[in-house]
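Reader: I like to see how each label is earned. Could you walk me through this one, setting values against definitions?

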Amino acid sequence: MSAIKPAAMGSSLTFDVQQIRNDFPILNQRVHGKPLAYLDNAATTQKPRQVIEALTRYYSADNANIHRGVHQLAERATREYEESRIKVQHWINAADAREIIFVRGTTEAINLVAQTYGRSNVGPGDEVIISALEHHSNIVPWQILCEEKDARLRVIPIDDRGEVLIDAFRELLSDRTRLVAIGHVSNALGSVNPIREIIRTAHSWNVPVLIDGAQSVPHFEVDVQELDCDFYAFSGHKMYGPTGFGILYAKAGLLEKMPPYQGGGDMIRSVTFEKTLYNDIPYKFEAGTPDIAGAIGLGAAIDYLAEIGMANIAAYEEELLSYAEKKISRIDGVCIVGTAAQKASVISFVVDGVHPHDVGTILDREGIAVRTGHHCAQPVMDRFNIPATTRASLAFYNTREEIDRLTAGIVRVKELFA
Amino acid sequence: MSELNELYQELIIDHSKRPRNFHRLEDPKRTAQGYNPLCGDKITLDVKLENNHIGDIGFQGSGCAISTASASLMTESVKGKTLQEADVLFDKFHSLITNDKADASGMGKLAVFSGVREFPARAKCATLAWHTLRAALQERDTPVSTE
């Protein structure tokens with residue numbers, strides 16, 4: 001990609017953020033008369049021209065239903081759809097493309113596991129372990145399951161920095177544990193969880209582990225074989241792809257034993273009124289016409305990210321996050337919530353005496369888009385005894401100048417409320 | 001910036017920092033709870049009725065400047081009013097923050113909320129206390145939600 005330039009000296013790569021910004025048409029606009037500073041990337045990321053063009057191209061030239069027709073368009077659509085599966089496979093280094101299930105997003109991926117693996121493996125008195133950092137989508141599906149099965153939901157506590165307490169986790173594991181479900185990166189605080197250790201420890205009890213990767217995959221390289229996780233769920237729209245499309249990775253051995261999720265077309269081999277034979281994986285879990293364009297758009301997003309290089313993205317974002325944390329923490333009366341040693345992308349903060357909603361409104365008038373509220377993680381807010389935070393979340397198209405504007409915006413908030 | 005100054009007028013900042021009637025009543029006739037799930041604003045409202053008048057009113061809770069100031073100014077403006085007068089005032093208030101052509105006459109300090117009009121996302125913050133008041137007067141048991 002042209003945006004990447006070898007450094008003048010040395011072997012490390014650097015990239016030109018201005019050139020990258022040119023790939024994102026939406027960034028080039030004014031909001032309330034100010035240039036847009038989009039700092040709400042943990043909610044959803046913007047889409048590069050390459051993704052938008054892939055969607056347009058698909059609908060303009062190749063649109064057809066997949067896995068059915070013998071005509072030319074159906075063949076093209078099917079080929080592109082399945083090529084995306086292989087791109088995802090390589091992207092997270094899965095052993096087999098059949099381990100990639102296309103779903104609507106992280107939420108559906110987790111619900112799928114709860115309703116299939118969970119319902120057939122969790123019984124009365126059994127336990128499912130999650131952490132106190134989870135997004136509601138990695139809490140509620142397990143609550144529904146535990147209620148139905150008379151099982152118990154256990155929660156790994158966190159400390160004041162927003163790090164999970166690994167010793168407490170070890171104590172929660174028992175021969176009643178049937179599954180551990182934990183986020184890779186916290187959407188509310190940005191903490192990177194020690195999932196290698198969690199997976200290793202859970203496996204020593206023969207307990208499988210589901211990782212909610214919604215906030216990790218956009219920011220650094222993920223290798224599911226190296227992690228040895230059993231399930232890995234993520235969303236396309238948080239990694240520069242279209243909304244409404246996501247991925248469930250699961251080890252083939254587990255998928256083969258799991259009952260289907262939804263019934264319908266494409267997930268069957270043959271249907272009679274007496275007996276239906278299910279299709280092989282991954283199709284057993286993909287009932288009905290999927291979001292074909294979504295798959296193709298995500299494939300384009302993966303190509304785009306691969307060209308820039310996740311190592312370059314991670315290095316740039318890490319530097320920007322540390323710059324932002326330094327600047328924000330220097331403002332009097334502002335407190336960053338979540339100070340884990342390992343963090344990615346997210347700065348959650350509170351301003352003394354000012355509710356986050358007021359902060360959000362004032363920043364919006366400066367053209368700065370941040371998220372305010374509980375971030376679908378009410379237990380995290382309760383843990384810190386706050387109703388809400390203001391959250392700035394970064395992507396590799398953000399700049400130091402935007403961070404400076406955010407800082408100035410926070411100072412303006414304090415002035416208005418002085 | 002002028003729209004922001006319209007929204008966060010001195011009176012609103014003052015009432016958000018030092019809300020009036022910010023306490024529970026000892027023996028309220030009516031109590032209701034309001035909740036804005038979007039931003040987590042919570043309010044508990046107590047009303048004591050005296051012969052069809054609002055004799056005393058108090059609230060507690062947590063919320064943004066707009067919802068806190070709105071609850072505070074609401075309690076001031078409905079105290080002593082009849083239930084019918086309070087109801088009419090709610091309708092006028094609702095119109096004030098949603099309708100460009102609304103008439104703020106006779107609304108006293110509540111007119112300060114006309115700036116909310118320019119911030120549609122914040123209308124729910126401004127009306128939470130009023131919806132809760134209506135629930136309390138109608139003796140509804142389920143908490144009011146803005147969603």
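**Labels and their cut-offs**

Author: Gladly! In chain A, 69% of the contacts with a separation of 6 or more are between residues 24 or more positions apart; a contact means that two C-beta atoms, placed from the backbone, lie within 7 Å. This is a predicted model, in which local features need pLDDT of at least 70, side-chain atom pairs count only at pLDDT 80 or more, and totals for chains, interfaces and linings use all residues. Residues are numbered from 1 along each chain as its sequence is written, while chains are lettered from A and ligands numbered from 1 in the order in which they are written.

Reader: What makes chain A as compact as a globular protein of that length?

Author: The globule rule, 2.2 Å times the number of residues to the power 0.38, with the radius of gyration taken over C-alpha atoms. For 418 residues the rule gives 22 Å, and the radius of gyration of chain A is 22 Å, so the description fits. Its C-alpha trace spans about 75 × 55 × 40 Å along the principal axes.

Reader: Why is strand S7 of chain A called largely enclosed?

Author: A residue is buried if 20 or more other C-beta atoms lie within 10 Å of its own (exposed if 12 or fewer, partly exposed in between). Five of the five residues of S7 (residues 127–131) are buried, so the rest of the structure largely encloses this strand. A:Glu127, A:Ile129 and A:Ser131 point one way, A:Val128 and A:Ile130 the other. Strands are DSSP runs of E, at least two residues long, and helices are runs of H or I, at least four, both numbered from the N terminus.

Reader: How do you know that S7(A) pairs with S8(A)?

Author: Pairing takes at least two DSSP bridges, and five join S7(A) to S8 (residues 152–156), running parallel. One of the partners is A:Leu153 in S8(A), bridged to A:Val128.

Reader: How do you know that the span of H10(A) agrees with its number of residues?

Author: The expected span is 1.5 Å times one less than the number of residues. For the 17 residues of H10(A) that is 24 Å, and the end C-alpha atoms are 25 Å apart, which agrees. H10(A) is also mostly covered, with 13 of its 17 residues buried. A:Gly309 follows H10(A), with a positive phi near 95°.
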